[in-house]
Amino acid sequence: VLNNFKIAGTQSQVFIPNEDIRVRHTRPAMNIGPIFTALTASSPIFMGEYQHKMACRYSKWRRFPRTDIPQDEVNLSNASGFRKYLANILDVVEAKVPGFLTKTHDGQDVPDPLQNASRVYWAPVRPNQTHRTGEARSAETTPYIADSVAMAAMYRAFVRYIIRHPEYEMMDRSILKHNIKEAETNGMEGIFYNEHGEKISFDTYLAEFLELIYDDAVALGDWDFIYSQTRVIQERGTASDKLIEIWKKHAEEGNTEAAQQT
């Protein structure tokens with residue numbers, strides 16, 4: 001269990017002071033998940049073995065409860081609905097692991113356990129009640145600082161877009177799950193589906209997303225950086241690309257038994 005929990009992650013937070021908006025933005029913001037996963041891919045190797053995936057941490061993360069896209073019955077339309085959901089989770093978790101959500105690490109009572117939503121989490125997005133932020137998450141951790149900053153800038157522009165367009169919704173859940181898993185497996189070389197169910201390349205998938213947030217990225221002064229840095233990632237590759245290159249080199253030299261599995 002401990003080894004599976006060594007999953008790290010890339011996390012971006014955007015201050016959303018209105019609690020209802022913070023909760024309501026969560027579901028449509030899930031659409032950023034495949035992009036975050038593909039662009040931050042950094043775990044083709046786990047526990048010394050090549051996983052034949054560009055981003056295997058997400059699949060490890062998914063073994064834990066409430067780490068996937070929330071089911072439709074989870075009420076994310078407003079803060080009240082979310083708190084009712086948290087209350088149900090609190091009852092279930094406390095019955096299994098007393099104190100997990102009601103005690104701090106040093107054993108003190110949590111003033112408001114329903115604010116302790118950091119342990120009731122999803123990828124790729126959750127409302128963080130403690131910090132009053134929206135929080136976009138990837139189970140992957142890119143070693144390139146500029147890439148992480150680009151993810152944060154994209155998410156910030158996306159939050160602004162969602163707030164300005166309350167009619168915008170999460171794509172079909174099955175399509176979104178496919179796209180995230182495709183990003184896990186094949187990264188930027190994957191075949192994705194748009195909201196119309198049409199097959200597209202990742203380059204097209206990313207281009208359509210960037211077009212969506214263009215006005216908001218410009219308004220925030222981030223467009224030039226977002227555009228240039230995503231191009232850098234596409235041309236340079238992710239950390240996974242580099243790790244696989246190194247792995248295969250070692251396999252050719254016979255330096256590792258596990259590498260020969262490639």
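This report describes the salt bridges, two unusual backbone angles and the nonpolar cores of a predicted model.

**Salt bridges**

Side chains of opposite charge can pair when their charged atoms come close. A search of the whole structure finds 12 salt bridges, and the table sets out three of them.

| Pair | N to O distance | Separation along the chain |
|---|---|---|
| R27 and D72 | 3.8 Å | 45 residues |
| R57 and E140 | 3.9 Å | 83 residues |
| D216 and R164 | 2.7 Å | 52 residues |

The salt bridge between R27 and D72, whose closest N and O atoms are 3.8 Å apart, links distant parts of the chain, with R27 in helix α3 and D72 in the loop between α5 and α6. R27 counts as buried because its relative accessibility is 14%, which lies under the 20% cut-off. D72, by contrast, has a relative accessibility of 58% and therefore counts as exposed, since the cut-off for that class is over 50%.

The side chains of R57 and E140 also meet in a salt bridge, at 3.9 Å from N to O, and this pair again links distant parts of the chain, running from helix α5, where R57 lies, to E140 in the loop between β5 and α7. Is each partner buried or exposed? R57 counts as buried at 17% relative accessibility, and E140 is buried as well, with a relative accessible area of 1%.

In the salt bridge between D216 and R164, with 2.7 Å from N to O, both residues belong to helices, D216 to α9 (residues 202-219) and R164 to α7, and the two are 52 residues apart. D216 is buried, with a relative accessible area of 0%, whereas R164, at 42% relative accessibility, counts as partly exposed. Elsewhere, salt bridges that share partners join R126, E135 and R137 into one network.

**Two residues with positive phi**

H52 has a phi near 55°, which is a positive value in a residue other than glycine, and this residue is found in the loop between β3 (49-50) and α5. With a relative accessible area of 47%, H52 is partly exposed. R132, another residue other than glycine, likewise has a positive phi, near 60°. Where is R132 placed? R132 is in the loop between β4 (125-128) and β5, and at 41% relative accessibility R132 counts as partly exposed.

**Nonpolar cores**

The largest nonpolar core contains 61 residues, of which L39, M154, Y155, F158 and F202 touch the most other members. The elements that give two or more residues to this core are α4 (33-39), α5, α6, α7, α8 (173-186), α9 and α10 (223-236). Which element gives the most to this core? That element is α7, with 10 residues.

M154 offers a closer view of these contacts, for, when residues up to four places away in sequence are not counted, M154 touches I32, I35, L39, F209, L210, I213, I226 and T230. One of these partners, L39, is itself among the residues that touch the most other members of the largest core.

A second core, separate from the largest one, consists of six residues, including A41, Y50, I244 and W247.

Note on methods: Residues numbered from 1 in each chain as written. Predicted model: local features only at pLDDT ≥ 70, side-chain atom pairs only at ≥ 80, totals over all residues. Heavy atoms only, no water. Salt bridge = Lys/Arg side-chain N within 4 Å of Asp/Glu carboxyl O. Helix = DSSP H or I, 4+ residues; strand = E, 2+ residues; numbered from the N terminus. Buried < 20%, exposed > 50% of the residue type's maximum accessible area, 1.4 Å probe, protein only. Core = buried A, V, L, I, M, F, W, Y, C linked by side-chain atoms within 4.5 Å. Contact = heavy atoms within 4.5 Å.
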